[in-house]
Amino acid sequence: MAELRLEQLSAATAAAANSLTLKPGQEQFVQPTTYAQAESDVKLSSAWTRVVLDGDEVVGMIIGTFDADNSEEELRSAIWRVNVAASAQGRGVGRFAVHGLAEEARSRGFERLTVVYEPGGDDSPEAFFRAIGFEVLRETQYGDHFAVLTLG
Ligand SMILES: CC(C)(COP(=O)(O)OP(=O)(O)OC[C@H]1O[C@@H](n2cnc3c(N)ncnc32)[C@H](O)[C@@H]1OP(=O)(O)O)[C@@H](O)C(=O)NCCC(=O)NCCS
């Protein structure tokens, strides 16, 4: 794998980012119910969207949302989406993307980065978020996990 890098989503990478092929069974975890319900509350202008490039190839994408005054604590400094192509999973791409977003959160003065995900089963991103340091704080009303990465 060449050195990974994050780039702002552009016309050149948008199609590839939108058509990343996940592993069978993972699709249902891309958008947890808690986020689906909150979709209208997210200001698109506050989204931070990046693709992960390995050489010229788009291997992943991440969307963060920053909105310090949001009444929902899930939406103040959060991972909104993170997807890694099936063929590139298990090689540190997801970790790299989340670290990039964590760095952005820190530079904006946030002390934590949060995520909501649907737990359970091999296809859930639960083990991933735990492996990279997220701690579960509570369940949402839809049974999703609300987890936090403390930014040192
Ligand atoms: C979750 C996802 C982003 C992980 O990406 P990835 O590039 O495969 O993850 P990484 O290679 O960076 O893994 C980082 C750590 O998590 C662990 N991990 C990742 N997926 C795992 C899994 N399914 N089971 C167990 N551990 C896992 C890795 O072993 C690694 O830990 P280590 O460093 O201690 O060995 C990817 O599987 C994905 O796109 N899933 C579908 C979309 C999704 O669910 N997104 C989250 C929505 S909230």
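A helix here is a DSSP run of H or I at least four residues long, numbered from the N terminus. Keep that in mind for the close-ups below, which come from a predicted model.

**View 1. Here's the largest pocket and what lines it.** About 650 Å³ of space lies inside. Its lining counts 32 residues, and Gln-26, Val-82, Gln-89, Pro-125 and Phe-128 are the ones nearest the centre. Strand β4 (77–84) is the top contributor, chipping in six residues. Sort the lining by class and you get 19 nonpolar, seven polar and six charged residues.

**View 2. Now look at the ligand, which sits in the largest pocket.** There are 23 residues around the ligand, and Val-82, Val-84, Gly-92, Gly-94 and Arg-95 come nearest. Helix α4 gives the most to this shell, with four residues. By class, the shell has 14 nonpolar, six polar and three charged residues.

**View 3. Zoom in on the ligand's oxygen atoms and their partners Gly-92, Gly-94 and Arg-95.** Gly-92 uses a backbone N or O atom, 2.8 Å from a ligand oxygen. Gly-94 also has a backbone N or O atom 2.8 Å from an oxygen of the ligand. With Arg-95 it's an N or O atom of the side chain, at 2.3 Å from a ligand oxygen. On its own the ligand has 940 Å² of accessible area, and the protein covers 74% of that.

**View 4. Finally, meet the second largest pocket, with a volume of about 160 Å³.** Twelve residues line this one, with Thr-34, Ala-38, Glu-72, Gln-141 and Tyr-142 nearest its centre. Helix α2 (residues 33–38) gives the most, four residues. The classes come out as four nonpolar, four polar and four charged.

Notes
Residues numbered from 1 in each chain as written. Predicted model: local features only at pLDDT ≥ 70, side-chain atom pairs only at ≥ 80, totals over all residues. Heavy atoms only, no water. 1 Å grid on protein atoms, 1.4 Å probe; cavity = no way out; pocket = protein on both sides within 12 Å on 5 of 7 lines; lining within 4 Å. Points joined across faces, edges and corners; volume = space filled by probe spheres on them. Helix = DSSP H or I, 4+ residues; strand = E, 2+ residues; numbered from the N terminus. Nonpolar A, V, L, I, M, F, W, Y, C, P; charged D, E, K, R; others polar. Near = heavy atom within 4 Å. Polar contact = N/O pair within 3.5 Å; in protein donor to acceptor, adjacent residues only side chain to side chain. Areas by Shrake-Rupley, 256 points an atom, 1.4 Å probe, with all protein chains shown as cover. Sits in = over half its atoms within 2 Å of the grid points.
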